[in-house]
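Here are a few short exercises to work through with the model open beside you. Try each task before reading its solution.

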Amino acid sequence: MTDDKRTLRARMRSLRDEFAMTIGGVIEAPPALLARFAPGMIVSSYMPIGSEADPSAIAFAAAERGATIVLPHVTSRESQVRFHVWNPGEPLIEGPLGLQQPSTDGVEAEPDIILTPLLAFDAALNRLGQGAGHYDRVFERLPEAWRIGIAWSVQRVETLITDSWDVPLHGVVTEAAAYGEAAA
Ligand SMILES: Nc1nc2c(c(=O)[nH]1)N(C=O)[C@@H](CNc1ccc(C(=O)N[C@@H](CCC(=O)O)C(=O)O)cc1)CN2
Ligand SMILES: Nc1ncnc2c1ncn2[C@@H]1O[C@H](COP(=O)(O)OP(=O)(O)OP(=O)(O)O)[C@@H](O)[C@H]1O
């Protein structure tokens with residue numbers, strides 16, 4: 001089970017690298033997502049590492065509509081994700097695992113909408129992540145939050161292997177399409 005996930009992660013990382021280097025594009029907020037952003041809402045974004053799809057155009061659209069942006073912060077593979085308020089333009093700090101993270105001086109706040117990085121997603125909107133279970137644990141802790149995957153179109157597979165703790169996404173947005181509630 002774990003081995004299959006590991007093999008798929010390696011394959012999806014190289015697919016994603018190749019796509020981002022040759023085609024790429026901008027991931028824009030589809031109308032169904034824009035309609036959700038409202039003043040006072042807390043939206044979690046992330047700073048892409050490697051060839052991850054960049055959610056910043058969506059985060060800026062949310063900020064323009066009055067939402068507060070938070071970014072994930074971890075101290076290790078084992079630690080829980082904490083979300084800290086980040087204002088566009090504020091400096092980021094180098095963290096573990098190649099991450100660019102917000103300062104922990106920023107107020108901690110739990111997101112209403114979680115823009116989620118991923119390695120692969122499937123037709124049922126299951127998600128394969130980096131394998132540390134960071135977002136899986138966030139989804140368990142914040143079951144009311146709206147979970148939106150951000151990805152390149154090449155990251156879509158027909159069926160992912162799932163484990164008992166995997167929580168499916170509500171929607172996914174790519175450079176080419178929107179799925180699930182992000183498309184409704
Ligand atoms: N941009 C981004 N921020 C994020 C995540 C993420 O996936 N992407 N996370 C999601 O949980 C959390 C951090 N967790 C992580 C857990 C493992 C690895 C990891 O194994 N990295 C690989 C290299 C990844 C790559 O270059 O694509 C490594 O260290 O070998 C990275 C982040 C919170 N912030
Ligand atoms: N809700 C949870 N509570 C405690 N541990 C969890 C939870 N969810 C996942 N884990 C642990 O995290 C590990 C990795 O899970 P998995 O391979 O599904 O990660 P992933 O979803 O691909 O990664 P990520 O969420 O970090 O991007 C597993 O060993 C699992 O035991």
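## Exercise 1: a small sheet

Strand β7 (residues 120-122) is joined to β8 by 2 bridges, and the two run antiparallel. Keep in mind that this is a predicted model.

Task: work out the strand order of the open sheet that holds β7, and find its edge strands.

Solution. Start from the pair β7 and β8, where Phe 121 stands opposite Arg 127 in β8. Next, place the third strand: the order is β8-β7-β10, with mixed pairing. Finally, look at the ends: β8 (127-128) and β10 (156-157) each pair on one side only, which makes them the edge strands.

## Exercise 2: two ligand shells

Task: describe the residues around ligand 1 and ligand 2 by type.

Solution. Begin with ligand 1, which has 20 residues around it; Gly 50, Leu 97, Pro 117, Gln 130 and His 134 come nearest. Its shell divides into 12 nonpolar, 5 polar and 3 charged residues. Now turn to ligand 2, with 15 residues around it, of which Gly 129, Gly 133, Tyr 135, Asp 136 and Trp 165 come nearest. Here the split is 4 nonpolar, 5 polar and 6 charged. Helix α4 (residues 134-141) gives the most to this ligand 2 shell, with 5 residues.

## Exercise 3: the nonpolar core

Task: which residues of the largest nonpolar core touch the most other members?

Solution. The core has 39 residues, and the answer is Val 43, Leu 115, Ile 148, Val 172 and Val 173. Elements that each supply at least two residues include α4, β7 and β9 (146-150). To finish, follow Ile 148: beyond its neighbours within four places in sequence, its contacts include Leu 33, Leu 115, Val 172, Val 173 and Ala 182.

How values were computed
Residues numbered from 1 in each chain as written. Chains lettered and ligands numbered in written order. Predicted model: local features only at pLDDT ≥ 70, side-chain atom pairs only at ≥ 80, totals over all residues. Pairing = 2+ DSSP bridges. Helix = DSSP H or I, 4+ residues; strand = E, 2+ residues; numbered from the N terminus. Near = placed C-beta within 6 Å. Nonpolar A, V, L, I, M, F, W, Y, C, P; charged D, E, K, R; others polar. Core = buried A, V, L, I, M, F, W, Y, C linked by C-beta atoms within 7 Å. Buried ≥ 20, exposed ≤ 12 C-beta atoms within 10 Å, placed from the backbone. Contact = placed C-beta atoms within 7 Å.
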